[in-house]
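Work through the three exercises below with the sequence and the structure at hand. Try each task before reading its solution.

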Amino acid sequence: MERAGNGDTDPDAERRGLGTPATRAAVIEKLVKSGFAERKGKQLIPTQNGAALVSVLPDMLTSPQLTAEWENNLTQIAKGAADAGDFMQRIEAMARELVKENTAADKSKAVFTGGEEKPSVGKCPRCGCPVREGKKNYYCSNRDCTFTMWKNDRFFEERKVTFTPKIAAALLKSGKANVKGLYSPKTGKTYDGTVVLADTGGKYVNYKIELPKKK
């Protein structure tokens, strides 16, 4: 949190990152107590509910840029260089717009709030529970399981492949998915190959490529 959003923060701001040391500690404690994150040694790991929450929230609310912008505005207000009333009016307008845009959202997005659940794309390789599609990931429906496959995983982005539900379903069913048009950063060419799920049970899921054997 000390470095999050620094690139979007006014260079003249009195503090960088998100919040102050005191508020950061309070935010972390609230996330842990609310069940959205858990401590593992010195690391803070998102729980299943935490991942589900991020997957259903609008992108702007999960970006540090918004908080960095607010930090800048509050700093300017404290210096007398900005009007507090104008700042609050803009926040109210943003809140109304977000509510308007998301009021008609599909109920199936309310994964952790008790709404209707999305169809399963397969079974979790770790615990056997249904894996469902979120906005940004494919996650295990078991709250105690941390298995998650992120749609923006670097593995797929580097190969210019969209991580579709079809690929996710194949990986969960057999651990492999035949994919056409994989991009090679080294050669600049595309090729067909098999994406293999290499899950070791850690924080992140890994993948590797198997090429067809030459005849």
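**Exercise 1.** In this predicted model, find how many residues the largest nonpolar core has and which of them have the most contacts inside it.

*Solution.* Step 1: the largest nonpolar core has 23 residues. Step 2: those with the most contacts inside this core are Phe-147, Met-149, Phe-156, Phe-163, Ile-167, Leu-171 and Tyr-207. Step 3: two or more core residues come from each of strand E5 (137-140), helix H5 (154-158), helix H6 (165-174), strand E7 (176-183) and strand E8 (190-198). Step 4: H6 gives the largest share, four residues. Step 5: take Leu-171 and leave out residues up to four places away in sequence; Leu-171 then touches Met-149, Phe-156, Phe-163, Lys-176, Ala-177, Val-195, Val-196, Leu-197 and Tyr-207.

**Exercise 2.** Describe how strand E1 (residues 37-40) is joined to strand E2 (residues 43-46).

*Solution.* Step 1: the two strands run antiparallel and are joined by four bridges. Step 2: one bridge pairs Glu-38 with Ile-45 in E2. Step 3: E1 and E2 form a hairpin, with two residues between them. Step 4: Gly-41, in the turn, has a positive phi of about 70°.

**Exercise 3.** Decide where confidence is lowest and where it is highest among the elements, then examine residues 106-116.

*Solution.* Step 1: the chain has a mean pLDDT of 81, and 81% of its residues reach 70 or more. Step 2: confidence is lowest in helix H2 (residues 48-56), with a mean of 78, and highest in H6, at 96. Step 3: over residues 106-116 pLDDT stays under 50. Step 4: the model has 16 contacts beyond four places in sequence for residues 106-116. Step 5: where pLDDT is low, predicted coordinates should not be read in detail.

Conventions:
Residues are numbered from 1 along each chain as its sequence is written. This is a predicted model: local features need pLDDT of at least 70, side-chain atom pairs count only at pLDDT 80 or more; totals for chains, interfaces and linings use all residues. Side-chain values use heavy atoms; hydrogens and water are left out. A nonpolar core is a set of buried Ala, Val, Leu, Ile, Met, Phe, Trp, Tyr and Cys residues joined through side-chain atoms within 4.5 Å. Buried means under 20% relative accessible area, exposed over 50%, partly exposed in between (1.4 Å probe, protein chains only). Contact means heavy atoms within 4.5 Å. Two strands pair if DSSP finds at least two bridges between them. pLDDT is the predictor's confidence in each residue, from 0 to 100.
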